[in-house]
Amino acid sequence: MEPGIIEVNGLRKEYGDFVAVDNLSFSVSKGQIFGIVGPNGAGKTTTLKMLSSLIRPTSGNIYMKGLDVSNDSVEIKSFLGFLPEESPLYESMGVEDYLMFFAELYSVPKDRAKKRIRELLFDLALNADGKKIGDLSKGMKRKVAIARSLINDPDILIYDEPASGLDPMTSRYITDYVRSLKSSGKTIIFTAHNLYQVESLCDRILILKNGKLVTLGTAEEIRKEYGKIQYRLEFKVDNIDGYIIADFKDMDGTYVVITNDINVVNQTTKWVASEGGDIVEMRTIVPSLEEIFLELMGVELFVD
Ligand SMILES: Nc1ncnc2c1ncn2[C@@H]1O[C@H](COP(=O)(O)OP(=O)(O)OP(=O)(O)O)[C@@H](O)[C@H]1O
């Protein structure tokens with residue numbers, strides 16, 4: 001198999017006696033959106049900080065485009081954009097001055113930087129109207145931080161919770177924007193707590209718990225491996241007294257059976273036919289990534 005644009009092998013981070021990230025290995029292919037999810041304290045931010053060479057791993061290695069992050073961090077920074085969970089912005093600066101300042105830090109020639117800033121402001125629908133960064137809304141500040149991460153047009157983007165804490169519209173705008181970055185050929189690793197967002201956006205998903213990989217795959221693969229598909233059968237019969245195949249709910253004259261056993265479905269349909277009744281509806285209930293996630297984390301789910 002071709003090596004990924006990002007290759008992580010046996011990554012470990014210790015803080016004193018505490019192991020924040022433990023023997024983590026994964027590979028991200030070029031042009032993929034790769035999501036890292038896990039409960040608070042799972043080690044997501046620590047992993048992203050190691051990928052962005054903000055902190056050094058205790059052991060293990062990370063390669064980006066074949067370069068070792070520990071040794072070639074300067075070169076890697078030229079094609080990497082990092083968006084931290086909390087982005088400290090220079091509150092007293094105007095948006096364009098702020099972005100120009102970062103363009104200079106990345107040695108982007110002035111003319112190209114001006115064009116890039118115009119494009120980014122347009123693409124992100126960011127109209128600051130001459131306001132200082134400190135006077136912008138939370139969503140606009142997040143957009144400024146995203147524009148900053150893209151100022152040098154990097155190929156690889158590492159985004160820590162890019163759309164968290166924002167209103168649904170801005171959050172949606174940012175996730176759509178991340179999707180458009182993928183269409184322009186960029187590779188994106190991001191963390192999020194909103195699993196519907198992760199499911200709709202990511203090509204592959206890594207679930208972390210206590211610093212360890214729990215599972216890794218497409219949403220479909222994770223669903224296949226961990227999700228219990230259930231069947232919901234709704235039927236009508238004149239007399240339910242003889243039904244002993246499974247538990248059922250009486251819903252005002254129709255009866256509902258929810259089961260993960262296909263034999264129960266087959267036997268029930270036969271029984272309903274033999275009683276001269278009708279099947280009102282039969283469907284499968286596919287678990288959401290959220291339900292699988294909660295189950296993997298050991299949280300009991302209650303189904304009505
Ligand atoms: N500098 C540090 N010193 C000591 N422990 C730390 C340090 N940074 C992180 N940790 C610990 O490492 C663990 C993982 O933290 P991390 O921030 O990576 O989790 P996370 O998955 O990003 O959580 P969240 O979803 O809350 O952002 C936590 O228990 C945290 O307290």
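Here are some questions and answers about this predicted model.

Q: Which domains does the domain assignment give for the protein chain?
A: Let's start with the big picture. The assignment splits the chain into two stretches, residues 6-225 and residues 230-285. In order, those are domain 1 and domain 2.

Q: How far apart do the C-alpha centres of domain 1 and domain 2 lie?
A: Take the C-alpha centre of domain 1 and the C-alpha centre of domain 2. The distance between those two points is 49 Å.

Q: Where does UniProt place the feature "domain: ABC transporter"?
A: This label comes from an unreviewed UniProt entry. The span it covers is 35% helix and 29% strand, and its end C-alpha atoms lie 52 Å apart. According to the record, the feature sits at residues 6-235.

Q: Which strands stand at the edges of the open sheet of four strands?
A: The strands line up as β12-β13-β11-β14, with antiparallel pairing. An edge strand has a single partner, so one of its sides has no neighbour in the sheet. That picks out β12 (249-251) and β14 (278-285).

Q: What is the bridge partner of arginine 232 in β13?
A: Look at β11 (residues 230-236) and β13 (residues 254-259), which run antiparallel and are joined by five bridges. Follow the bridge from arginine 232 across to β13 and you land on isoleucine 258.

Q: Which helix packs on the sheet?
A: Look for a helix touching β11, β13 and β14. Its direction makes about 10° with that of β11. The helix, spanning residues 262-274, is α9.

Definitions and conventions
Residues numbered from 1 in each chain as written. Predicted model: local features only at pLDDT ≥ 70, side-chain atom pairs only at ≥ 80, totals over all residues. Domains from an automatic or database assignment. UniProt positions renumbered as here; feature names shortened; annotations may be inferred. Helix = DSSP H or I, 4+ residues; strand = E, 2+ residues; numbered from the N terminus. Pairing = 2+ DSSP bridges. Contact = placed C-beta atoms within 7 Å. Axes fitted to C-alpha atoms, helices over the stretch in contact; angles between N-to-C directions.
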